[in-house]
Amino acid sequence: PAEYKEALMEQERDLEAISGVLGDLHGQANAINSVLQTQNRQLDKITTRVDDANGRIKTTNTRIAKLV
C-alpha cells in the first residue's frame with residue numbers, strides 16, 4: 001500500500017539524517033582527540049621541565065643548607 005511505502009521512505013530519510021549527524025559527531029570527536037593529544041604532549045613537556053626545576057631547587061637548597 002501507498003501508506004507503507006511512504007512510511008518506509010520517511011524512515012529512510014530519517015536514517016539518512018541520523019547518519020549525517022553521526023558523521024558530524026565523528027568528525028568532531030576526531031578533532032577533539034587531536035587537540036587532546038597535542039595538549040597531552042604539551043603537559044608531558046611541562047611536567048618534565050617542572051621535575052627538572054624541582055631537582056635543581058632541591059640541589060640548591062641542599063647546598064644552601066650546608067653553607068648556613
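Let me start with L43, which is partly exposed, its relative accessible area being 49%, and which has its place in helix α1. Please keep in mind throughout that what we are looking at is a predicted model. If we go from L43 to V68, we move 25 residues along the chain, and the C-alpha atoms of these two residues turn out to be separated by 37 Å.

That brings me to the chain as a whole, where the secondary structure amounts to one helix and zero strands. The radius of gyration is 29 Å, whereas the globule rule gives 11 Å for 68 residues, and because the value found is well over that figure, the chain is more spread out than a compact globule. You can see the proportions in the box that the C-alpha atoms fill, which is roughly 95 × 15 × 5 Å when taken along the principal axes.

How much of the chain, then, counts as buried? Of the 68 residues, the share is 0%. As for the accessible surface, it comes to about 6300 Å², and carbon and sulfur atoms account for 58% of that area.

Let me stay with the surface and turn to a nonpolar patch of about 460 Å², which is made by L15, I18, V21, L22 and L25. One of these residues, I18, is found in helix α1, the helix that covers residues 2-67. With a relative accessible area of 47%, I18 is partly exposed, since that class lies between the 20% under which a residue is buried and the 50% over which a residue is exposed.

Now to the charges, of which the chain carries 9 positive and 10 negative side chains, with the centres of the two sets lying 29 Å apart. How many salt bridges does the count give? The count comes to one salt bridge, and the partners are R13 and E6, whose closest N and O atoms are 3.4 Å apart. This pair qualifies because the rule asks for a side-chain nitrogen of Lys or Arg within 4 Å of a carboxyl oxygen of Asp or Glu. Looking at the two partners in turn, R13 has a relative accessible area of 42% and is partly exposed, while E6, at 41% relative accessibility, also counts as partly exposed.

To draw this together, I would ask you to take away a predicted chain with one helix and zero strands, with 0% of its residues counted as buried, and with one salt bridge, the one that R13 forms with E6.

Technical notes. Residues numbered from 1 in each chain as written. Predicted model: local features only at pLDDT ≥ 70, side-chain atom pairs only at ≥ 80, totals over all residues. Heavy atoms only, no water. Helix = DSSP H or I, 4+ residues; strand = E, 2+ residues; numbered from the N terminus. Rg over C-alpha atoms; globule rule 2.2 N^0.38 Å. Buried < 20%, exposed > 50% of the residue type's maximum accessible area, 1.4 Å probe, protein only. Areas by Shrake-Rupley, 256 points an atom, 1.4 Å probe, with all protein chains shown as cover. Lys, Arg positive; Asp, Glu negative; His and termini not counted. Charge placed at Lys NZ, Arg CZ, Asp CG, Glu CD. Patch = residues over 30% accessible without salt bridge, like charges linked within 9 Å, V, L, I, M, F, W, Y side chains within 5 Å.
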